[in-house]
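Please look over the sequence and the model shown below before reading on. The report that follows goes from the whole chain down to single residues.

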Amino acid sequence: MKHTQALVIGNWKLNPGTTAEAKLLYSQIRKKVSKNCLATVVIAPPFLFIPEIAKTIHPKIALGAQDMHYEERGAVTGEIGGGQLAAFGVQYVLIGHSERRALGETDTQVNKKVHAALKRKLTPVVCIGERTRDGQGQFYQDVATQIKALTTGLTAVQLQKVVIAYEPIWAIGTGLNATAENVKEMQLFIVSTLTKLFERKVAEKILLIYGGSVKDSNARELYTQGGMSGFLVGGASLEATEFAAIIHATELGN
Ligand code: PGA
C-alpha cells in the first residue's frame, strides 16, 4: 500500500569532489525544501562530507549513508560501522546498492547489514533489482531471491522498519527509467513475495520506493501510477532544482 508520506532519497554516490562543493549543493537543496515539505527527504553524501552537512541539517532533511559494515569495530580495514554513522546523526543507510553488489557484496552480507543497521536504529534502505529483463519474466525470480535473503531472520516488527528500493540495474544511470507499469507490477510482486514470507498485513505496510533514472520529467507519472511511495535518486539529486522538482512531484498527492 502506498504510504501517505513519500520518501525521496538523494544518493550522491562519489560526488561532489570537495567539501566546499558538497556544502554548496547541500545549501542549494536546503533552500528549496520548504519547512512544510510533505515528503521525507534524505541526502546520502559520501561519508567524508557527513560531519560537515550534519552541522546545518534542515528539520525536513534527514542524513543518510551510502553503505555501512555489519561489524561495529575491529579488523575490517576501510569500513564504517553503524554506531559511527549514528554518532553523526545519520538516520538512513543504503544497503546492497547494485554498485556495491557489483564490487562483490553478497545477499548474505546484505542481510547481515540489515540486522546491524536495525540494531543501531538506522533505517535500512535495501536495494534490489534485476540486471536485465527477459521476455519470460524470469527476472522476477532474481528479485524474489534478493527479498528472501534480505529478510532472513527478521521479525515482522523489524521488517516494518525496512525500506525496499526497487532499482532495476538497467535503469540506473542510463536515462532509461522503468515505466510506471513496470514499477506497478513490481510493487505487486514485492508485496506478494513478502506475503509468502510474512503476513499480508505486514507485507502491505512495507515502504517501497523506486530508483533508476528518476527525473523531473518522469517523477510525477512514476509516483502516481507506479504504486510505490517515493524515489531513490542518483544523478538528478546533484542538481538542486531538479531534485526539488522530484520531491514536489510526490507532494501533489496521488
Ligand atoms: P540514477 O541512480 O538516478 O542516476 O539512475 C539511482 C541510484 O543508483 O540510486
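The text below describes a predicted model, starting with its overall form and ending with a few residues in loops and helices.

**The whole chain**

The protein chain contains 11 helices and eight strands. Its C-alpha trace spans about 50 × 45 × 30 Å along the principal axes. How does the radius of gyration agree with that of a compact globule? A compact globule of 254 residues would have a radius of gyration near 18 Å, and the protein chain has 17 Å, so the two agree.

Of the 254 residues in the protein chain, 50% are buried. Among contacts with a separation of 6 or more, 73% are between residues 24 or more positions apart. The exposed surface of the protein chain is about 11800 Å², and carbon and sulfur atoms supply 53% of that area. The protein chain carries 28 positive and 22 negative charges, and the mean positions of these two sets are 7 Å apart.

**The nonpolar cores**

In soluble globular proteins, nonpolar side chains tend to be buried together. In this model, the largest nonpolar core has 70 residues. Which of its members touch the most other members? They are I29, I164, M186, I190, Y210 and F231. Helix α8, residues 180-197, gives the most to this core, with seven residues. Another core, of 13 residues, lies apart from the largest one and includes I9, A62, L94 and A165.

Two members of the largest core can be followed further. I164 is in contact with V126, I128, L150, I190, L194, I206, L207, L208 and I209, leaving aside neighbours within four places in sequence. I190 lies in helix α8. Is I190 buried or exposed? I190 counts as buried because its relative accessibility is 0%, and the cut-off for buried is under 20%. Leaving aside neighbours within four places in sequence, I190 is in contact with I128, I147, I164, Y166, L208 and M228. I128 and L208 are therefore among the contacts of both I164 and I190, where contact means heavy atoms within 4.5 Å.

**Distance along the chain and in space**

Separation in sequence and separation in space can be set side by side. The table gives four pairs, with distances taken from C-alpha to C-alpha.

| Pair | Apart in sequence | Apart in space |
|---|---|---|
| I190 and S217 | 27 residues | 26 Å |
| A102 and A75 | 27 residues | 23 Å |
| V202 and V157 | 45 residues | 8.5 Å |
| Q66 and I95 | 29 residues | 7.1 Å |

Some of these residues can be placed in the chain. A102 is in the loop between α4 (98-101) and α5 (107-119). With a relative accessible area of 60%, A102 is exposed. V202, in contrast, is part of helix α9, residues 200-203, and counts as buried at 7% relative accessibility. Not counting residues up to four places away in sequence, V202 touches A156, L159 and Q160.

Q66 belongs to the loop between β3 (61-65) and α3 (82-87). Leaving aside neighbours within four places in sequence, Q66 is in contact with N11, W12, K13, A44, P45, P46 and L94. One of these, L94, is also a member of the core of 13 residues.

**Backbone details in two loops**

Most residues other than glycine have a negative phi, and most peptide bonds are trans. Where does this model have a cis peptide bond? A cis peptide bond joins N15 and P16, with omega about -10°. P16 is found in the loop between β1 (7-11) and α1 (19-32).

K13 is placed in the loop between β1 and α1. K13 is not a glycine, yet has a positive phi of about 50°. Its relative accessible area is 21%, so K13 is partly exposed. K13 is also one of the residues in contact with Q66.

S213 is not a glycine either, and has a positive phi of about 55°. S213 sits in the loop between β7 (207-211) and α10 (216-225). S213 counts as buried because its relative accessibility is 14%.

Definitions and conventions. Residues numbered from 1 in each chain as written. Predicted model: local features only at pLDDT ≥ 70, side-chain atom pairs only at ≥ 80, totals over all residues. Heavy atoms only, no water. Helix = DSSP H or I, 4+ residues; strand = E, 2+ residues; numbered from the N terminus. Rg over C-alpha atoms; globule rule 2.2 N^0.38 Å. Buried < 20%, exposed > 50% of the residue type's maximum accessible area, 1.4 Å probe, protein only. Areas by Shrake-Rupley, 256 points an atom, 1.4 Å probe, with all protein chains shown as cover. Lys, Arg positive; Asp, Glu negative; His and termini not counted. Charge placed at Lys NZ, Arg CZ, Asp CG, Glu CD. Core = buried A, V, L, I, M, F, W, Y, C linked by side-chain atoms within 4.5 Å.
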